[in-house]
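Student: Could you take me through a close look at a single part of this model, with its overall build described carefully and in one connected account?

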Amino acid sequence: MTIIRLHARGLSKTFTLHTQGGTTLPVFEDIDLQVRSGECVCLHGPSGAGKSTLLRSLYANYKPQSGSVMVQHDGEIVDITAAEPWKVVEIRRFTIGYVSQFLRVIPRVPVLDVVAEPAITNGRSVEEAHAAARTLLTRLRIPERLWSLAPATFSGGEQQRVNIARSFIVAYPILLLDEPTASLDAENRKTVIELICEAKVRGAAVVGIFHDAEVRDAVADRLFEIRSTHREPTEIPCKPVPDLPTIEAVA
Amino acid sequence: MSGPGNKQCDTGDGYSFAYLDEQTKRMIRRTLLKALSIPGYQVPFGGREMPLAYGWGTGGIQVTASIIGPDDRLKVIDQGADDTTNAVSIRRFFEIVSNVATTEQTAEATIIQTRHRIPEAPLQEGQILVYQVPQPDPLHKIDPRENETRKMHAYAEYGAMQVTLYEDIARFGRIARTYDYPAMVNARHLMSPSPIPKFDNPKMENNPAIQLFGAGREKRIYAVPPYTSVRSLDFDDHPFEVQTWKGCCALCSSTVSYLDEVVTDDRGGRMFVCSDTDYCNKRQADRALTTETGGIVAPDEGAKL
Amino acid sequence: MSAVRKLQQRPVLLEVSGVSKSYGGQVGCLDVSFSIRPGEVLGIVGESGSGKSTLLACLSGRLQPDTGSIIYDMKDRGPVDMLLLSEPERRRLARTDWGIVHQNPRDGLRMDVSAGGNVGERPMAIGARHYGNIRAEAQDWLQKVEIDLTRTDDKPRTFSGGMQQRLQIARNLVTKPRLVFMDEPTGGLDVSVQARLLDLLRGLVRELGIAAIIVTHDLAVVRLLADRLMVMQRGRVIEEGLTDQVLDDPHHPYTQLLVSSILQV
């Protein structure tokens with residue numbers, strides 16, 4: 001259980017906003033993070049410190065300026081920041097699962113298909129994938145009458161649970177969780193804690209952002225403090241970095 | 001082709017033999033040679049104005065005028081008949097401009113110009129069948145762009161033609177097209193056989209006679225040399241079939257010829273008779289003869305001739 | 001799982017290098033290079049006039065580029081430069097191993113031929129001559145694209161825009177092409193129909209392992225369909241990478257402008 005599944009080395013990230021007069025926003029610098037199999041690391045720091053940015057960089061969603069993110073994929077070690085796009089797609093299919101804060105799927109597709117999709121993409125039969133999706137949806141207390149509906153009309157909490165089910169249907173060796181329990185009630189929080197613990201038991205390396213102390217205490221093995229490369233406060237307007245307009249602007 | 005020798009260039013009365021000037025005839029003969037060497041391929045030619053309207057056989061007339069010689073014997077049919085207006089006019093035209101012998105008998109003719117039919121009597125080596133063609137390109141209806149249909153012919157892309165047959169079966173349960181039925185010539189070029197009934201399509205296959213097709217308005221000539229394969233398009237599970245009739249010809253009792261429906265009065269009276277008048281007349285004459293002599297003729301012997 | 005696993009061993013399907021095309025002094029596309037592997041979906045975005053349609057036309061053999069090479073891994077011959085391929089070979093490729101889905105179904109369908117005949121044309125073009133089999137295959141595909149089988153013999157002109165587009169997709173995919181070019185496939189459709197079409201396309205691309213190149217100006221469409229993205233401006237590719245990377249963390253000023261200009265619902 002001591003395999004290092006994910007190793008970020010010398011990771012730095014700066015945003016340059018060309019549409020806003022070329023303002024540069026340094027977020028973090030020279031991050032070094034190792035996550036072992038069966039370990040859960042909680043990213044810690046004040047709002048705006050760059051937790052989500054780091055998590056997204058680990059998923060190759062953001063392109064860091066320097067550094068590397070080595071992941072164990074299919075028996076080899078790959079730097080996901082330098083890999084070819086098709087390789088990244090493959091790594092995301094099989095190796096890294098990511099729970100974002102928002103569910104982003106094709107409109108009008110029923111919940112059951114939304115949840116089963118990653119498993120089907122990975123080659124499991126439709127029946128198998130649907131069975132697994134049913135189990136997960138039941139555990140996450142999505143009532144069966146909603147399964148055939150598209151999630152667009154669901155409440156925030158329901159959407160988040162669908163999102164979680166979608167990310168836990170494949171047994172990814174690496175899991176990145178961006179506030180998975182943010183809008184959940186106590187009961188569902190417990191279920192998500194269970195799911196994370198089960199993933200740890202099967203040997204997944206987990207990196208997460210948990211604002212909720214209860215969840216953090218239940219799953220995290222250690223905290224990872226982000227030393228944000230803070231800049232002159234006057235330079236940045238009161239805009240927290242993870243909420244850059246470019247991030248969520250694409251609906 | 002028993003072309004005219006040099007002495008026929010001038011008919012003595014100041015007019016060219018067979019209406020067209022010699023240069024035009026040479027041009028058309030060259031076109032014909034090219035057409036014969038690429039069976040089914042439409043060769044463009046410099047079509048001339050003829051003393052009759054487009055659609056009345058200007059293409060066929062130019063071809064006939066280019067190949068006819070003083071020793072030829074010409075037969076002209078329209079819808080199988082020798083005595084219809086168009087046939088009579090064209091026959092008279094050539095009697096005047098070339099002074100050749102004409103006939104109504106298929107077996108006697110060296111050149112047969114036709115519109116809409118192939119004679120029932122089998123053709124022989126040395127005979128030439130000249131078709132009048134209104135629309136030479138079978139792909140015209142599928143794609144009106146000629147640069148596109150030319151490419152389709154050049155690359156033998158005939159899937160779209162097959163689609164039209166598919167459409168027939170989907171709509172009517174069978175291939176409903178009854179005339180101008182597309183055929184592959186020499187397993188290479190798709191050909192429109194002019195508006196002959198599909199009944200006549202099998203006669204084009206492996207025929208000993210030369211078959212020439214002239215389209216005057218579209219200025220195209222194409223040909224099927226003797227003994228060339230001409231396969232009508234079809235599907236494996238919907239094979240090509242010709243029309244059949246329940247009864248026989250009311251005049252000659254043939255059961256194997258193409259029958260026309262003739263309305264005899266305005267009370268719904270009708271009869272079916274051979275469309276090929278020469279064939280029908282011959283059979284009637286033969287029957288009269290055998291009845292006189294007391295002999296018995298098998299019903300369709302005439303067809304074998 | 002094995003089918004997807006093999007992705008990394010698969011050779012490059014299409015290798016484009018230095019493709020340029022100009023219309024007189026007007027630049028169509030300039031020095032475009034990229035490669036695509038089996039099963040990959042590549043999106044090309046950019047505003048009108050950025051050269052994306054010119055590029056697609058060059059790639060799909062409808063336009064001759066001025067310079068560059070387009071190497072395609074042909075099924076029976078291996079990698080071949082498309083620009084050296086004879087016209088009949090290229091036309092044959094375009095209706096067997098390639099698919100081209102036009103923005104306007106009118107450009108890709110025979111409007112006066114029934115739905116079944118439209119789908120059956122490609123099989124007939126490569127020699128299918130059994131009516132029953134052709135029809136069964138056509139209906140199988142109509143079902144796949146969710147067109148009611150009672151509409152098999154209806155002409156596309158009686159279909160809605162969404163149905164026409166789905167029919168066009170069936171007509172293209174019936175020969176199981178390995179590479180499909182799509183020009184604004186959801187262009188003229190209203191949003192509810194778009195969603196269904198996107199879901200269908202995504203399913204088919206995944207199921208058949210098709211590589212696809214999708215040209216669109218709709219960033220939401222590429223986010224849902226494309227693995228990779230190329231952003232074009234004035235004929236040049238100015239940014240490329242993973243779709244979500246380019247959209248979420250755009251580096252080029254123009255891409256940032258493009259992404260931040262999207263209206264939110």
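Tutor: Accessible areas here come from the Shrake-Rupley method with a 1.4 Å probe, and for residues only the protein chains shown count as cover. On that basis, in what is a predicted model, the accessible surface of chain C comes to about 10,500 Å², and carbon and sulfur atoms account for 49% of that surface. Turning from the surface to burial, 58% of the 265 residues in chain C are buried, where buried means under 20% relative accessible area.

The overall dimensions can be set beside this: the C-alpha trace of chain C spans about 55 × 45 × 45 Å along its principal axes. For a chain of 265 residues, a compact globule would be expected to have a radius of gyration near 18 Å, and because chain C has 18 Å, its value agrees with that expectation.

As for what makes up the chain, chain C contains 11 helices and 10 strands. Among the contacts in chain C with a separation of 6 or more, 66% are accounted for by residues 24 or more positions apart, a contact being heavy atoms within 4.5 Å.

Charge completes the description of this part: chain C carries 33 positive and 32 negative charges, with Lys and Arg counted as positive and Asp and Glu as negative, and the mean positions of the two sets in chain C are 5 Å apart.

Definitions and conventions:
Residues are numbered from 1 along each chain as its sequence is written. Chains are lettered from A and ligands numbered from 1 in the order in which they are written. This is a predicted model: local features need pLDDT of at least 70, side-chain atom pairs count only at pLDDT 80 or more; totals for chains, interfaces and linings use all residues. Side-chain values use heavy atoms; hydrogens and water are left out. Helices (H or I, at least four residues) and strands (E, at least two) are DSSP runs, numbered from the N terminus. The radius of gyration is taken over C-alpha atoms; the globule rule is 2.2 Å times the number of residues to the power 0.38. Buried means under 20% relative accessible area, exposed over 50%, partly exposed in between (1.4 Å probe, protein chains only). The place of a charge is taken as NZ of Lys, CZ of Arg, CG of Asp or CD of Glu.
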